[in-house]
Amino acid sequence: MRGRIHPPPSRTPPPSTATRAPGRTLRARIGWTTAVVTAVAMAAMIGTVILVLTTLTRNNIDTRLQDQLASVSTTLTLGPDGFVRAAGTPADSIDDTTWIYQIDGALVEGPTTGNRVQNVVASLSDVAKETKIEREDRVFLAAPISRRGEKVAVVVVAALAWVVGTVCG
């Protein structure tokens, strides 16, 4: 009986080692995979935290502006001469970020600020409905104020908009 005949030796490595990168052990591949998965998870977590903080801060600013507008509008009265009068507000922070305009566009009360802020506020002095705009580091909210069904003034309020990574917008 003759011995078995075997096929000639193959020059390609067996399939189990053919797909493996040369010099990479199982331990090295597990380490790299863990590092990549960890980096992706950390990026997703950081992105989620920034998104949540941005949303919370934006809501906080919007609520503050609405509250400030409501607070100031309740102090306005229309005098017998037709001019709007503003009673004093208890907080300086309200006075520093609030402008009150007559219906004809004349400034009744408001702080002196830089030209950029003054230009934005002046552009809001004749709004017909509640209007919110964002300019660089500030958010402005303007609304007409009515007494006895008649528009008598426009109040403009502002807040700093320092949101993580963006400016509210």
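Colleague: Which residue in S6 is the bridge partner of Lys132?
Modeller: The model under discussion is predicted. In it, S5 and S6 run antiparallel and are joined by 5 bridges. For Lys132, the bridge partner in S6 is Leu141.

Colleague: Is Lys132 buried, partly exposed or exposed?
Modeller: A residue counts as buried under 20% relative accessible area and as exposed over 50%, with partly exposed in between. Lys132 has a relative accessibility of 37%. This value falls between the two cut-offs, so Lys132 is classed as partly exposed.

Colleague: How far apart are the closest N and O atoms in the salt bridge of Asp62 with Lys132?
Modeller: A salt bridge requires a side-chain nitrogen of Lys or Arg within 4 Å of a carboxyl oxygen of Asp or Glu. Asp62 and Lys132 satisfy this criterion, their closest N and O atoms being separated by 2.8 Å.

Colleague: Which elements hold the two residues of this pair, and how many residues apart are they?
Modeller: Asp62 belongs to helix H2, whereas Lys132 belongs to strand S5 (residues 131-135). The salt bridge therefore links distant parts of the chain, H2 and S5, at a separation of 70 residues.

Colleague: Which residues join Asp62 in one network of salt bridges?
Modeller: Lys132 also forms a salt bridge with Glu134, with the closest N and O atoms 3.9 Å apart. Glu134 is partly exposed at a relative accessible area of 28%. Because the salt bridges share partners, Asp62 is joined into one network with Lys132 and Glu134.

Colleague: Which residue meets Arg116 in a salt bridge?
Modeller: The N to O distance of this salt bridge is 3.4 Å, and the side chain that meets Arg116 is that of Asp137. Arg116 lies in helix H4 (residues 115-123), and its partner lies in the loop between S5 and strand S6 (138-147), so the pair ties together parts that are 21 residues apart in sequence. Arg116 is partly exposed at 36% relative accessibility, and at 33% so is its partner, Asp137.

Colleague: How many salt bridges does the model contain by this rule?
Modeller: The pairs described are Asp62 with Lys132, Glu134 with Lys132, and Arg116 with Asp137. By the 4 Å rule, the count of salt bridges comes to 3.

Colleague: Which strands stand at the edges of the sheet?
Modeller: The sheet is open, and its 5 strands follow the order S4-S3-S7-S6-S5 with antiparallel pairing. Each edge strand has a single partner strand, so one side is left without a neighbour in the sheet; the edge strands are S4 (107-109) and S5.

Colleague: By what angle are neighbouring strands of this sheet turned against each other on average?
Modeller: The sheet in question has the order S4-S3-S7-S6-S5. With direction ignored, the average turn between neighbouring strands is 25 degrees.

Colleague: Which residue in S7 is the bridge partner of Ala143?
Modeller: S6 and strand S7 (residues 150-160) run antiparallel and are joined by 10 bridges. The bridge partner of Ala143 in S7 is Val155.

Colleague: At about what angle does H2 run to S7?
Modeller: H2 lies across strand S3 (98-102), S5, S6 and S7. Relative to S7, H2 runs at about 145 degrees.

Colleague: Where does Arg148 lie, and what is its phi?
Modeller: Arg148 is exposed, with a relative accessible area of 79%. Its place is the loop between S6 and S7. Although Arg148 is not a glycine, its phi is positive, at about 55 degrees.

Colleague: Which residue in the hairpin of S5 and S6 takes a positive phi near 50 degrees?
Modeller: This hairpin has 2 residues between the strands. The residue is not a glycine, and at 58% relative accessibility it counts as exposed. It is Glu136.

Colleague: How far apart in space are Ala161 and Asp137, C-alpha to C-alpha?
Modeller: Ala161 is in the segment after S7 and counts as buried, at 3% relative accessibility. In sequence, Ala161 and Asp137 are 24 residues apart; in space, their C-alpha separation is 5.3 Å.

Colleague: What is the area of the nonpolar surface patch that includes Met42?
Modeller: Met42 is in helix H2 (residues 26-73) and is partly exposed, with a relative accessible area of 40%. Together with Met45, Ile46, Val49, Ile50 and Leu53, Met42 makes a patch of about 510 Å².

Conventions: Residues are numbered from 1 along each chain as its sequence is written. This is a predicted model: local features need pLDDT of at least 70, side-chain atom pairs count only at pLDDT 80 or more; totals for chains, interfaces and linings use all residues. Side-chain values use heavy atoms; hydrogens and water are left out. Patches are made of residues with over 30% relative accessible area and no salt bridge: like charges are joined within 9 Å, nonpolar side chains (Val, Leu, Ile, Met, Phe, Trp, Tyr) within 5 Å. Accessible areas come from the Shrake-Rupley method with a 1.4 Å probe; for residues, only the protein chains shown count as cover. Helices (H or I, at least four residues) and strands (E, at least two) are DSSP runs, numbered from the N terminus. Buried means under 20% relative accessible area, exposed over 50%, partly exposed in between (1.4 Å probe, protein chains only). Two strands pair if DSSP finds at least two bridges between them. Axes are lines fitted to C-alpha atoms, for helices over the stretch in contact, and angles run from 0 to 180 degrees between N-to-C directions. Contact means heavy atoms within 4.5 Å.
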